[in-house]
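Dear colleague,

I am passing on the structure below, together with some notes on what turned up when I went through it. Please read the notes with the coordinates open beside you.

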Amino acid sequence: MSPTFGRTSALLEIRGLAKRFGGVIAVDGLDLSVEAGEVRGLIGPNGSGKTTTINLVSALYRPDAGQVFLDGERIERLRPHEIAGRGVARTFQISKLFGNMTVLENVLVPALAELDRGARRAPEQIRERARRLLDLVLLDGLRDAPAKELSGGQSMLLQIARGLMLQPIRLFLMDEPFAGVHPTIKDTIMETILNANRDEGVTFLIVSHEMATLRRLASRVSVMHEGRLIAEGSFEAVANQPAVLEAYLGG
Ligand SMILES: Nc1ncnc2c1ncn2[C@@H]1O[C@H](COP(=O)(O)OP(=O)(O)OP(=O)(O)O)[C@@H](O)[C@H]1O
Ligand SMILES: [Mg+2]
């Protein structure tokens, strides 16, 4: 395990993060920190590096440079399952559920990984948590259906329930959770996020183009452009910054 270094109060701290794909610099010296207990929005025009950032933090990609700290510990060289083991969950825009497995089985997957790491929770406790989460996201009635039968919005809800099965769950990264989702399901996603944040102290970093929705969830937003952080603060504060207007309107 990497030594603790440069500990700050932030749960997630990204320093000088960089990722290049051939000639494209997707993330270019990004500095970003998120405090424990926050719901933070991450916005920016198309191609500004938001998804790549989520992919770097969740260890889907290795960074070319920079550090990622989770509660003061370096995590940028860990593997995806190790990141999950530290309590970092994520959703994918294109769902990575197991289509032929049932809804309930999909939610139980993180608990299987937990058993591999030496289980602490009793099986009944795991099952009860799974059922409670499915109930919360309004999917308990579909628990025995194959996941491939779910709508896009229901699949997102299932991804969220699955992420919340991580024990402990500390940081939830979401990439466009509201894209193409029916308005009633959007409300359920929002309530689930707010519940997990309020009742379990889960910290969220949420990438979304849906400003009206994001604004109801996040009091602070970080704005990326060309792989860097260009503004941060309340929606009102960032909306009035010339660099933000230029990023969205210029180019
Ligand atoms: N796997 C990849 N291979 C090559 N180029 C990539 C890859 N992933 C991202 N890029 C490029 O990196 C840049 C940043 O992409 P990224 O997907 O992170 O942006 P984004 O902010 O999520 O955009 P959007 O809002 O459209 O989802 C873009 O120019 C993109 O084309
Ligand atoms: Mg993206």
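I begin with proline 45, which, if neighbours within four places in sequence are left aside, is in contact with Lys50, His209, Met224, His225, Ala247 and Tyr248. Please keep in mind throughout that this is a predicted model. Proline 45 sits in the loop between β3 (39-43) and α1, and it counts as buried because its relative accessible area, 13%, is under the 20% cut-off. For a sense of distance across the model, proline 45 and serine 151 are separated by 106 residues in sequence and by 27 Å in space, taken from C-alpha to C-alpha.

Serine 48 also belongs to the loop between β3 and α1, and a polar atom of its side chain lies 2.7 Å from the backbone oxygen of proline 45. With a relative accessibility of 3%, serine 48 is buried; apart from its neighbours within four places in sequence, serine 48 is in contact with Ala26, Met224, His225, Glu226 and Gly227. Met224 and His225 thus appear in the contact list of proline 45 and again in that of serine 48.

The ligand

Which residues come nearest to ligand 1? Of the 13 residues around ligand 1, these are Asn46, Gly47, Lys50, Thr52 and His209. Two of them, Lys50 and His209, are also in contact with proline 45. As for polar contacts, a polar backbone atom of serine 48 is 3.2 Å from an oxygen atom of ligand 1, an N or O atom in the side chain of threonine 51 is 2.8 Å from an oxygen atom of ligand 1, and a polar side-chain atom of threonine 52 is 2.6 Å from an oxygen atom of the ligand. On its own, ligand 1 has 630 Å² of accessible area, of which the protein covers 62%.

Two elements, β2 (24-35) and α1 (50-57), give two or more residues to the shell around ligand 1, and the largest share, three residues, comes from α1. By character, the shell divides into seven polar residues, five nonpolar residues and one charged residue.

Helix α1

How much of α1 is buried? Seven of its eight residues are, so that the helix is mostly covered; the buried residues are Lys50, Thr52, Thr53, Ile54, Asn55, Leu56 and Val57. Among these, Lys50 and Thr52 are also listed with the residues that come nearest to ligand 1. After the helix comes alanine 59, which has a positive phi near 70°.

Glutamate 76

A charged residue that may interest you is glutamate 76, in the loop between β5 (73-74) and α2 (80-85). Buried or exposed? Glutamate 76 is buried, because its relative accessible area is 5% and the cut-off is 20%. Its side chain has two polar contacts to note: one of 2.6 Å with the side chain of arginine 74, and another in which a polar atom of the glutamate 76 side chain lies 3.0 Å from the backbone nitrogen of valine 68. Neighbours within four places in sequence set aside, glutamate 76 is in contact with Arg62, Pro63, Gly66, Gln67 and Val68.

Aromatic pairs

The structure holds two aromatic pairs. Phenylalanine 21 and tyrosine 61 form an edge-to-face pair, with 5.3 Å from centre to centre and 75° between the planes. This pair links distant parts of the chain, 40 residues apart, since phenylalanine 21 lies in strand β1 (residues 10-21) and tyrosine 61 in the loop between α1 and β4 (65-70). Both rings belong to residues that are partly exposed, phenylalanine 21 at 35% relative accessibility and tyrosine 61 with a relative accessible area of 29%.

The pair formed by phenylalanine 172 and phenylalanine 204 is stacked, at 5.7 Å from centre to centre and with 10° between the planes. Because phenylalanine 172 lies in strand β7 (residues 171-175) and phenylalanine 204 in strand β8 (residues 203-207), the pair ties together parts that are 32 residues apart in sequence. Phenylalanine 172 and phenylalanine 204 are both buried, whereas phenylalanine 21 and tyrosine 61 are partly exposed.

With best regards

Methods: Residues numbered from 1 in each chain as written. Chains lettered and ligands numbered in written order. Predicted model: local features only at pLDDT ≥ 70, side-chain atom pairs only at ≥ 80, totals over all residues. Heavy atoms only, no water. Near = heavy atom within 4 Å. Polar contact = N/O pair within 3.5 Å; in protein donor to acceptor, adjacent residues only side chain to side chain. Areas by Shrake-Rupley, 256 points an atom, 1.4 Å probe, with all protein chains shown as cover. Helix = DSSP H or I, 4+ residues; strand = E, 2+ residues; numbered from the N terminus. Buried < 20%, exposed > 50% of the residue type's maximum accessible area, 1.4 Å probe, protein only. Contact = heavy atoms within 4.5 Å. Phe/Tyr/Trp six-rings, centres within 6.5 Å; stacked < 30°, edge-to-face > 60°.
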